[in-house]
Structures are given as C-alpha cells and as structure tokens.
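These are my notes on one protein model. I looked up the strands, their pairing, the cysteines and the confidence of the prediction.

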Amino acid sequence: MFQRRFFPRQTMSLPAWIEVNSSSLLERCKLIDLSESGARLSITDVRNLPPLFNLYLARIGQSAHQCRIIWQRGNEVGVEFVTPKRADNAAVADEPSFLS
C-alpha cells in the first residue's frame, strides 16, 4: 500500500483549540495524532468548520498553526499545516518544535 506521509505520526489524546475567522472564542477539540506536516482531530461539530482555520496546541502561550482540511470522516478531520506557527500574525522561526 502506498503511503503519502512524509513525516511519522505520533499518536496522542490531548486537548487542542480551534480559532475560526480570527475570533477570540476558541473551540475545544481533541488531538488524536500529530506529525510535522499535519494532524488528525476529533471535533464535536465539524459542520461549521471552515476549510481553513487556526489550531492551538495549548490554550495560552502557544502560537497557532494555520490548517487546511484534507479529509473528514464522521467527527474526525485530517488537516495539513499550511503556514509556519504564528504569534500575533508573524511567523516564528526560532521556536522549538512542537514534537520535541
């Protein structure tokens, strides 16, 4: 079977938060697995999730990953990271990897 993944995934079950349309309200979701290039999320209401959104791996003090939905099955979505992590709309190059 052909594998399209370039980076290994790490399985986890951690809370994460979704920001939609630069809103100050964050929706909680569950991070199921994570790689350098994307993640799998479990979300309560995927019907209102736009094709692009910001994902925070910590509620406070963590920069966001802009994500694009690649696939959806039930209440789970697969996303790819489309930009580097950002803090206050600026790319952060010297931040430690979130997979460390």
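In which sense do strand E4 and strand E5 pair, and over how many bridges? I worked with a predicted model throughout. I found strand E4 (residues 52-56) and strand E5 (residues 65-73) paired in the antiparallel sense over 4 bridges. Within this pairing I noted that Phe-53 has Cys-67 of E5 as its bridge partner.

**Entry: from E5 to E6.** I then followed E5 to its pairing with strand E6 (residues 76-81), which is antiparallel and comprises 6 bridges. Here I recorded Gln-72, whose bridge partner in E6 is Val-77. E5 and E6 form a hairpin with 2 residues between them. I checked the turn and read a positive phi of about 60° at Gly-74.

**Entry: the other side of Val-77.** I next looked up strand E3 (residues 38-42), which pairs with E6 in the antiparallel sense over 5 bridges. Leu-41 has Val-77 in E6 as its bridge partner. Val-77 is therefore entered twice in my notes, as the partner of Gln-72 and as the partner of Leu-41.**Entry: E1, E2 and E3.** I turned to strand E1 (residues 10-19) and strand E2 (residues 26-34), which run antiparallel and are joined by 8 bridges. In this pair, Pro-15 stands opposite Lys-30 in E2. The hairpin of E1 and E2 has 6 residues between the strands, and Asn-21 takes a positive phi near 55° there. E2 also pairs with E3 in the antiparallel sense, over 4 bridges. I noted Asp-33 with its bridge partner Arg-40 in E3. The hairpin formed by E2 and E3 has 3 residues between the strands.

**Entry: the barrel.** In what order do the 6 strands close into a barrel? I read the order as E1-E2-E3-E6-E5-E4, with antiparallel pairing. Neighbouring strands of this sheet are turned by 45° against each other on average, with direction ignored. I counted 8 strands and 0 helices in the protein.

**Entry: the cysteines.** How many disulfides does the count come to? I obtained 0 disulfides. I looked up why Cys-29 has no such bond: its sulfur is 8.9 Å from the closest cysteine sulfur, in Cys-67, which is too far, given a cut-off of 2.5 Å. I also looked up the accessibility of both residues. Cys-29 is buried, with a relative accessible area of 6%. Cys-67 is buried as well, with a relative accessible area of 0%.

**Entry: the whole chain.** Of the 100 residues in the protein, 35% are buried. I took the accessible surface as about 6700 Å², of which carbon and sulfur atoms hold 51%. Among the contacts with a separation of 6 or more, 44% are between residues 24 or more positions apart.

**Entry: confidence.** I looked up the pLDDT last. The mean for the protein is 79, and 75% of the residues reach 70 or more. Over residues 88-100 the pLDDT is below 50, and this stretch has 23 contacts in the model beyond near neighbours in sequence. Where pLDDT is low, the predicted coordinates should not be read in detail. I have accordingly entered no details for residues 88-100, where the pLDDT is below 50.

Notes. Residues numbered from 1 in each chain as written. Predicted model: local features only at pLDDT ≥ 70, side-chain atom pairs only at ≥ 80, totals over all residues. Heavy atoms only, no water. Pairing = 2+ DSSP bridges. pLDDT = per-residue confidence, 0-100. Contact = heavy atoms within 4.5 Å. Axes fitted to C-alpha atoms, helices over the stretch in contact; angles between N-to-C directions. Buried < 20%, exposed > 50% of the residue type's maximum accessible area, 1.4 Å probe, protein only. Areas by Shrake-Rupley, 256 points an atom, 1.4 Å probe, with all protein chains shown as cover.
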